[in-house]
Amino acid sequence: MFKGGVVNQKDLYDALKRNKIRAAAIDVTIPEPLPKDHELLTLPNLIVTPHIASAETNVRIKMGHLAADNILRGVKGNDLKTPVPMPK
């Protein structure tokens, strides 16, 4: 599974078109959603799924607990479970 913005979509298209990559699936695109005539949507070896992985209630609850836990860890000066590097 590839995430839009992490993988260059033009390069992904070219690799899939030339069979350098046999198949791929993406759930985040740039832009989101892709226009109906976008070249990626013409490929039979690509699956584009909606970006809804976190929409399930139990996932949102776990995300809230994780955020709260990281806040408490940060306030206490402890290492975070899921640190996000600051851009340089």
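Analyst: Let's start with a term: a salt bridge is a side-chain nitrogen of Lys or Arg within 4 Å of a carboxyl oxygen of Asp or Glu. This is a predicted model, in which local features need pLDDT of at least 70 and side-chain atom pairs count only at pLDDT 80 or more, while totals for chains, interfaces and linings use all residues. Residues are numbered from 1 along each chain as its sequence is written, and side-chain values use heavy atoms, with hydrogens and water left out.

User: How many salt bridges does a search of the whole structure find?

Analyst: The search covers the whole structure. With the cut-off above, the number of salt bridges found is 4.

User: Which residue's side chain meets aspartate 14 in a salt bridge with 3.4 Å from N to O?

Analyst: The partner lies in helix H1 (residues 9–17) with aspartate 14, 4 residues apart, about one turn of the helix. Helices here are DSSP runs of H or I with at least four residues, and strands are E runs of at least two, numbered from the N terminus. The side chain that meets aspartate 14 at 3.4 Å belongs to lysine 10.

User: Is lysine 10 buried or exposed, or in between, and what is its relative accessible area?

Analyst: Buried means under 20% relative accessible area, exposed over 50%, and partly exposed in between (1.4 Å probe, protein chains only). Lysine 10 is partly exposed, and its relative accessible area is 42%.

User: How many residues apart in sequence are the parts that glutamate 39 and lysine 10 tie together?

Analyst: Glutamate 39 and lysine 10 form a salt bridge, with their closest N and O atoms 3.9 Å apart. Glutamate 39 sits in the loop between strand S2 (24–28) and strand S3 (46–48), whereas lysine 10 is in helix H1, so the pair links parts whose separation in residues is 29.

User: Which residue forms a salt bridge with arginine 73?

Analyst: The closest N and O atoms of this pair are 3.1 Å apart. Its two members are 4 residues apart in helix H2 (residues 57–75), about one helical turn. Arginine 73 is partly exposed at 28%, and its partner is aspartate 69.

User: Which residues of H1 are buried, and within what arc do they fall?

Analyst: The buried residues of H1 are Gln9, Leu12, Tyr13, Ala15 and Leu16. Seen down the axis, they line one face of the helix, because they fall within an arc (taken from the directions from the helix axis to the C-beta atoms) of 170°.

User: Which residue caps the N-terminal end of H1?

Analyst: A side-chain oxygen of the capping residue lies 2.9 Å from the backbone nitrogen of lysine 10. The residue that supplies this oxygen is asparagine 8.

User: Which element gives the largest share of the largest nonpolar core?

Analyst: A nonpolar core is a set of buried Ala, Val, Leu, Ile, Met, Phe, Trp, Tyr and Cys residues joined through side-chain atoms within 4.5 Å. The largest one has 9 residues, among them Leu12, Ile26 and Leu46. H1 and S2 each supply at least two of its residues, and the largest share, 3 residues, comes from H1.

Technical notes. A polar contact is a pair of N or O atoms within 3.5 Å; within protein, one must be able to donate a hydrogen and the other to accept it, and residues adjacent in sequence count only if both atoms are side-chain atoms.
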